[in-house]
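Let's take a walk through this model together, going from a loop to the interior. Keep the sequence and the 3D view side by side as you read.

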Amino acid sequence: MSTPSPQRARSAAAKQQRERAILDAARSLGAERSVREVTLTDIAAAVGMHKSAMLRYFETREQIFLALTAEGWEDWSAALRARLKEFGDVTEAGGGDRGTIAAVIAQSLVARPFFCDLLAQAPLNLERNVSMESVYAFKTVVLGEVAAVAAELCRLLAITERAAVDVIATATSMAGALLQMAAPGTRLRTLYETRPELAHALVDVEPQLTRILTALLNGMPSTER
């Protein structure tokens, strides 16, 4: 006799709930410490599971954080596009100048330090200890969000799609790198702040990222010229 479909639905729902609990625990731990410091054992303990049982839901700790990186891209893209839609395009009086748009992009990333941490870890570690299927699924999400943000930048600034993609790549990669260099909440940051001779090591991510993006955008020709 076949298993009734309501039972299968409940089982699937329970699996989804457990996966969500694992992702939420990893997000909380990663935001509290840093992504590279969180182990599979840490995540398992946070959800009350044995580490071996986690493998029923995710193949590795890297897959957990890669899934969170994909969610981060979706969240950041939606929030940034909503903010950019508040500006008129280059043909309208209300259109934002390039420095303003650079500042908006920088602020949107700095407001998401956990996402910036994931951005730094994804190409170095997270994509390298998962199946090719997981990498494909992740890249598909990212490329979709990049295309959506690029469309808004093209509308606002009259730049080519290739140029818009370069802006997004620069913004996300630099946000991840600069956050690592800034080392917020760590002993390294305390060292930089308490030793005047190391003042050059103090990275203030948002204004520095804004300057980089402004310079990049100002050097890009407009398609309307």
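Helices here are DSSP runs of H or I with at least four residues, numbered from the N terminus. The model you are looking at is predicted. With that numbering in hand, start at S34, which sits in the loop between α1 (5-32) and α2 (40-47). Is S34 buried or exposed? With a relative accessible area of 10%, S34 counts as buried, because the cut-off for that class is under 20%. Setting aside neighbours within four places in sequence, S34 is in contact with L29 and D117.

Now turn to the nonpolar interior. The largest nonpolar core has 63 residues, and those touching the most other members are I43, I64, F65, W73, I105, L109 and L153. Pick out I105 from that group: beyond its neighbours within four places in sequence, I105 is in contact with W76, L80, L153, V167, A171 and L213.

I105 also leads you to an enclosed space. A search of the whole structure turns up 1 cavity of 30 Å³ or more, and the largest cavity holds about 30 Å³ of space. Around this cavity you will find W76, L80, I105, V149, L153, V167, I168 and A171. Which helices supply at least two residues each to that lining? They are α4 (61-84), α7 (132-157) and α8 (161-182), with α8 giving the most, at 3 residues. As for chemistry, the lining has 8 nonpolar residues and no polar or charged ones.

Notes
Residues numbered from 1 in each chain as written. Predicted model: local features only at pLDDT ≥ 70, side-chain atom pairs only at ≥ 80, totals over all residues. Heavy atoms only, no water. 1 Å grid on protein atoms, 1.4 Å probe; cavity = no way out; pocket = protein on both sides within 12 Å on 5 of 7 lines; lining within 4 Å. Points joined across faces, edges and corners; volume = space filled by probe spheres on them. Nonpolar A, V, L, I, M, F, W, Y, C, P; charged D, E, K, R; others polar. Core = buried A, V, L, I, M, F, W, Y, C linked by side-chain atoms within 4.5 Å. Buried < 20%, exposed > 50% of the residue type's maximum accessible area, 1.4 Å probe, protein only. Contact = heavy atoms within 4.5 Å.
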